[in-house]
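Open the model in your viewer and keep the selection tool at hand. Each stop says what to pick and what is there.

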Amino acid sequence: MQKPSKRYNSRDPKSLRPATRLVHGGSLRSDFGETSEAMFLTQGYLYDTMEAAEARFKGEEQGFIYSRFSNPTVTMFEKRMALLEGAEAARATATGMAAVTAAVLGQLKAGDHIVAAKALFGSCRYIVEELAPRFGIASTLVDGTDLGQWRAAMRPNTKTLFLESPTNPCLEVIDIAAVARVGHEAGATLVVDNVFATPLLQRPLQLGADCVVYSATKHIDGQGRCLGGVILASEPFIQTHIHNFLRQTGPSLSPFNAWVLLKSLETLPVRVAAEVRSAELIADFLAQQPHIVKVLYPGRADHPQHELAQRQMLGNGTLVAFEVAGGKEAAFRLANRLSIIGISNNLGDAKSLITHPATTTHQRLPPAARAEMGVTEGLLRLSVGLEDVDDLIDDLAQAIAALDRPKTVVGLR
Ligand SMILES: *Cc1c(COP(=O)(O)O)cnc(C)c1O
């Protein structure tokens, strides 16, 4: 049997620049010397002897035990994500929601208190507002952009703060460093859902957050295939709050999905950079169009937290929100006319996708809560993909032009 050459695993990946880390970091090359990382579709592992099994279970010997705990392909994905984020440790999960649930509930017990920004992904809001209180964990929701509200919400039993920035769907930007300080002064941790920014455009751990979570389903896969999630933090945070929670409750990432996500990381910087360039052009294009009364994009000077976004983020993001005059009827008509941009609540895909938050992702919220978050009837959220930006702009232009014409047959796309 061929033995692997040592030369390919000899460089410390921390000495490499980010794009190189994303191609080479975390590889566990087998004896076959494969160029592409291997997919280990196995549930379990063999031990040479009973003594070896005993030693592995006691932690006296390193190695894999069972794929609910860890798996070589999943480990490669975790190591590459940790290198990208600059985190000491990472744990992969089956979905982004499994990552959020573990990151938040893994820290809490009955009698504790959590404070979260109101503008949260729908399922995250369910965890904070409905699930946690059922187990005796009190929660307070605040306007994430108002530091005074974060401060006022702190109680002696506040254990963790939770936010996403930019937010879904209005792309508000929250001051992560300032919220981290408020939390730390009160003895609480901060968890940041960094999906909308991507790991490339915002570094919450460097800004003071204690834990970062991703839905890898979004830009990390980036091609609309696999669900996945990941939790990143210091080694002590992972050991104290996450490690056992995940091992015993079992939201493990499948090795197949881990392999897809691992390979996707190789192209993440190229994809995100291209999508950001297109999003910038599309935001400026939309701002000049008739019928479009508002464009929300952190890169534009008219964004309410533009200055903070420039300070806190390393790029403007791949999502653009905009409001169509004429409410739901006009927003539906515009979106129904699009022929390249697809109608989907998903985001971070190579394919550009558009959604109407008020009737989809945010329809469960009472109208008052929607209004408070800026989710109006005319609001559309566009996730910019990898198509030629001129085709995307042409598609939007013809759909906007159609708003001037009398209403035609519905359902034509
Ligand atoms: C999609 C998403 C999630 C949930 O991720 P899943 O992979 O769908 O479970 C959480 N937070 C944000 C901001 C998201 O966009």
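Leaving aside its neighbours within four places in sequence, which residues is Ser 264 in contact with? Select Ser 264 and look around it: the contacts are Ile 220, Asp 221, Gln 223, Arg 225 and Arg 271. Bear in mind that this is a predicted model.

**Stop 1: Ser 264**

Stay on this residue. Ser 264 sits in helix H11. Its relative accessible area is 3%, so Ser 264 is buried. Now show the side chain of Arg 225. A polar contact of 2.9 Å joins it to the side chain of Ser 264.

**Stop 2: the two domains**

Zoom out and colour by domain. Domain 1 covers 7-265 and domain 2 covers 268-404. Place a marker at the centre of each, using C-alpha atoms: the separation is 27 Å.

Next, select the interface. On one side are 40 residues of domain 1, in contact with 39 residues of domain 2. The two domains bury about 3,100 Å² between them. Carbon and sulfur atoms account for 63% of that area.

Turn on polar contacts across the boundary. There are 15 residue pairs in polar contact between domain 1 and domain 2. Then hide domain 2 and view the side of domain 1 that touches it. Four helices each supply at least two residues to that side: H5 (122-134), H7 (176-185), H8 (198-201) and H11 (255-265). H8 gives the most, with 4 residues. Colour this side of domain 1 by residue class: 22 residues are nonpolar, 10 polar and 8 charged.

Bring domain 2 back. How many salt bridges cross the interface of domain 1 and domain 2? The rule finds 2.

**Stop 3: salt bridges**

Widen the search to the whole structure, and 16 salt bridges are found. Side chains of opposite charge can pair when their charged atoms come close. Here are some to visit.

Select Glu 372 and Lys 118. Their side chains meet in a salt bridge, with N to O at 3.4 Å.

Move to helix H2, residues 50-58. Pick Glu 54 and Lys 58, whose side chains form a salt bridge of 3.2 Å, N to O. Why are they about one helical turn apart? Because Glu 54 and Lys 58 are 4 residues apart in this helix. Add the surface: Glu 54 is partly exposed at 45% relative accessibility, and Lys 58 is exposed at 53%.

Jump to Asp 112 and Lys 109. Their side chains meet in a salt bridge of 3.3 Å, N to O. Is Asp 112 buried or exposed? Asp 112 is buried, at 3% relative accessibility. Lys 109, by contrast, is exposed at 52%.

Now select Arg 80 and Glu 266. The closest N and O atoms of this salt bridge are 3.7 Å apart. Arg 80 lies in helix H3 (residues 72-85), and Glu 266 in the loop between H11 and helix H12 (268-287), so the pair ties together parts that are 186 residues apart in sequence. Arg 80 is buried, with a relative accessible area of 0%. Glu 266 is partly exposed, at 23%.

Extend the selection with Glu 37 and Lys 263. Together with Arg 80 and Glu 266 they are linked in a network of salt bridges.

**Stop 4: backbone details**

Switch to a backbone view. Most residues other than glycine have a negative phi, and most peptide bonds are trans. The next picks depart from that.

Go to the loop between strand E4 (158-164) and H7, where Pro 166 is placed. The peptide bond from Ser 165 to Pro 166 is cis, with omega near -10°. Pro 169 lies in the loop between E4 and H7. The peptide bond from Asn 168 to Pro 169 is cis too, with omega near 0°.

Next, select Thr 198 in helix H8. Its phi is positive, near 70°. Thr 198 is buried, with a relative accessible area of 1%.

Finish at His 291. What is its phi? It is about 75°, a positive value although His 291 is not a glycine. His 291 is in the loop between H12 and strand E8 (292-296). At 25% relative accessibility, His 291 counts as partly exposed.

Terms used: Residues are numbered from 1 along each chain as its sequence is written. This is a predicted model: local features need pLDDT of at least 70, side-chain atom pairs count only at pLDDT 80 or more; totals for chains, interfaces and linings use all residues. Side-chain values use heavy atoms; hydrogens and water are left out. Domain bounds come from an automatic or database domain assignment. Contact means heavy atoms within 4.5 Å. Buried area is the accessible area (1.4 Å probe) that two parts lose on being put together, summed over both. A salt bridge is a side-chain nitrogen of Lys or Arg within 4 Å of a carboxyl oxygen of Asp or Glu. A polar contact is a pair of N or O atoms within 3.5 Å; within protein, one must be able to donate a hydrogen and the other to accept it, and residues adjacent in sequence count only if both atoms are side-chain atoms. Ala, Val, Leu, Ile, Met, Phe, Trp, Tyr, Cys and Pro count as nonpolar, Asp, Glu, Lys and Arg as charged, and the others, Gly among them, as polar. Buried means under 20% relative accessible area, exposed over 50%, partly exposed in between (1.4 Å probe, protein chains only).
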